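Welcome, and please open the model in your viewer. We will go from stop to stop, selecting a few residues each time.

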Amino acid sequence: MQFYGLKKCVFCADIYVMNPENFTSEDEAALRNTLKRCSPETIENAVQLKKTGDKALLDSVVIGIIERFAEDDKKALLHTGDDSIDMVKDLELDSLTMVEIVLLVEDALGVSVNQEDMASLHTLADIKAYIKSRVA
């Protein structure tokens with residue numbers, strides 16, 4: 001698992017701190033490859049997040065990653081601004097797809113998601129808050 005432009009926090013074994021100065025052109029190419037099936041907007045936002053450390057881009061990257069796995073007729077839900085969207089009930093994502101989403105988020109954002117925590121992530125708000133807490 002790669003953590004692009006990140007350094008390991010000396011106090012926390014599984015939390016990584018963004019360090020834009022360490023984000024190389026090789027890291028950018030690898031990140032673009034990791035997110036190649038996501039929208040161009042998601043890829044560009046992820047690259048800018050890594051280059052600048054601008055955490056305001058986190059939500060759009062997370063939504064873009066989830067959107068990559070959602071069925072076409074469900075994708076519009078992610079852009080309504082409603083954070084109460086339920087991953088299983090509203091987007092009809094199964095547990096295997098949720099694992100794939102978590103793995104891609106971990107790779108792209110350099111966060112580690114605990115298996116126990118994953119069971120409590122039901123809504124878009126839950127996921128956004130969790131990712132923000134892990135990146136902070």
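Start by selecting Leu96, Val99 and Leu103: together they make a nonpolar surface patch of about 260 Å². Keep in mind that this is a predicted model. Now keep just Leu103 selected, which has its place in helix 4, residues 95–109. Is Leu103 buried or exposed? Neither word fits: its relative accessibility is 42%, so Leu103 counts as partly exposed.

Next, select Lys128, found in helix 6, which covers residues 124–135. Lys128 counts as buried because its relative accessibility is 11%, and the cut-off for buried is under 20%. Which residues is Lys128 in contact with, once neighbours within four places in sequence are left aside? Show Asp59, Ile63 and Asp83 to see them.

Keep Asp59 on screen and add Asn45. These two are 14 residues apart in sequence, and their C-alpha atoms are 9.7 Å apart in space. Asn45 belongs to helix 2, residues 40–52. With a relative accessible area of 15%, Asn45 is buried. To see what Asn45 touches, not counting residues up to four places away in sequence, select Leu57, Ser60 and Val61.

For the last stop, select Arg68 and Phe69. Where is the charged end of Arg68? Over the ring of Phe69, 4.3 Å from the centre of that ring. If you would like to look for aromatic pairs as well, the structure holds zero of them.

How values were computed. Residues are numbered from 1 along each chain as its sequence is written. This is a predicted model: local features need pLDDT of at least 70, side-chain atom pairs count only at pLDDT 80 or more; totals for chains, interfaces and linings use all residues. Side-chain values use heavy atoms; hydrogens and water are left out. Rings of Phe, Tyr and Trp (its six-membered ring) pair if their centres lie within 6.5 Å; planes under 30 degrees apart count as stacked, over 60 as edge-to-face and the rest as tilted. A charge sits over a ring if NZ of Lys or CZ of Arg is within 6 Å of the ring centre and within 35 degrees of the ring normal. Patches are made of residues with over 30% relative accessible area and no salt bridge: like charges are joined within 9 Å, nonpolar side chains (Val, Leu, Ile, Met, Phe, Trp, Tyr) within 5 Å. Accessible areas come from the Shrake-Rupley method with a 1.4 Å probe; for residues, only the protein chains shown count as cover. A salt bridge is a side-chain nitrogen of Lys or Arg within 4 Å of a carboxyl oxygen of Asp or Glu. Helices (H or I, at least four residues) and strands (E, at least two) are DSSP runs, numbered from the N terminus. Buried means under 20% relative accessible area, exposed over 50%, partly exposed in between (1.4 Å probe, protein chains only). Contact means heavy atoms within 4.5 Å.
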